[in-house]
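Thanks for making the time this morning. I would like to spend a few minutes on the charged side chains of one model, so please have a look at it before I go on.

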Amino acid sequence: MRTSALYCSLLMGLSFSTLAAEVETTQVFYSNGQLEYIGSVDSDANQRLFTLYEKLAKKPTTLSIRSLGGDINPGMELGAWVHAHKLNVRVMEFCFSSCANYVFPAAVKKTVSNFAMVGYHGGPGGPLQIGLDDALTAAQRKALLDDIEKRRVQSGRREAEFYKTISVRTDLSTLGQGDQYKPYYDKNPDALGWTYSLDDFTRLGVRDIKVINPPWKPGTASGQTPVVTIPIDVKPAPAS
């Protein structure tokens, strides 16, 4: 049902399925001295990761992740766990949506390949952007939007507290939704989201990023440009 799909998209975060095929069940394992997390961010995978970590006699210090994202709340759950355990995060291919919003910035140190993509497309603290099935009655439309807004506000408050805890700016996940960035997307209409330069990541509070064999050029290995790099100092468009 179209309405259900849109509802889930807002609450769970948009899937970047056009970039890569995710396995049905997220893989969590230990290899070469580090934890591996491959697939969607979800509560089941998180619990398997936490259990694995507790069972290891020698605790690893690095989480290597490849994820297109997932639900908002499991994303913050994983990010909070990474922060609490003072782990480093390694991204060799891609980290999108809730992975970029919450897991990547929570790490003590971040390592990325020179083509790795850390991509954003919004968060619960941003503007509500949703379409609704034309077949809905006015009452159904209002009830659905009210429920979505209630959940969005709750998640937005949790996100703000999370960002405060890890000392990053609260607009990390929503900055690129501003109207002032429309020209950047107009130049790349196929872009699914945005990313930041190393300097701007630092200014947002996401520090200690190491690029393997710099410079960092996200997406160059695949020849795709699924994210645009936006500067954070573009002034908001004046109100009309």
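What you have in front of you is a predicted model, and in it the count of salt bridges comes to five, taking a side-chain nitrogen of Lys or Arg within 4 Å of a carboxyl oxygen of Asp or Glu as the rule. As background, side chains of opposite charge can pair when their charged atoms come close.

Let me begin with Arg66 and Glu93, whose side chains form a salt bridge with an N to O distance of 3.5 Å. Arg66 belongs to strand β3, residues 62–66, while Glu93 sits in the loop between β4 (88–91) and β5 (94–96), so this pair ties together parts that are 27 residues apart in sequence. As for accessibility, Arg66 is partly exposed at 23% relative accessibility, and Glu93 is partly exposed as well, with a relative accessible area of 38%.

The next pair is Arg169 with Asp171, where the closest N and O atoms of the salt bridge are 2.8 Å apart; here Arg169 is partly exposed, its relative accessible area being 33%.

Finally, I turn to Asp200 and Arg203, which meet through their side chains in a salt bridge at 2.9 Å, again N to O. Both residues lie in helix α7, residues 198–203, and they are three residues apart, which is about one turn of the helix. Is Asp200 buried or partly exposed? With a relative accessible area of 7%, which falls under the 20% cut-off, Asp200 counts as buried, whereas its partner Arg203, at 49% relative accessibility, is partly exposed.

Definitions and conventions. Residues are numbered from 1 along each chain as its sequence is written. This is a predicted model: local features need pLDDT of at least 70, side-chain atom pairs count only at pLDDT 80 or more; totals for chains, interfaces and linings use all residues. Side-chain values use heavy atoms; hydrogens and water are left out. Helices (H or I, at least four residues) and strands (E, at least two) are DSSP runs, numbered from the N terminus. Buried means under 20% relative accessible area, exposed over 50%, partly exposed in between (1.4 Å probe, protein chains only).
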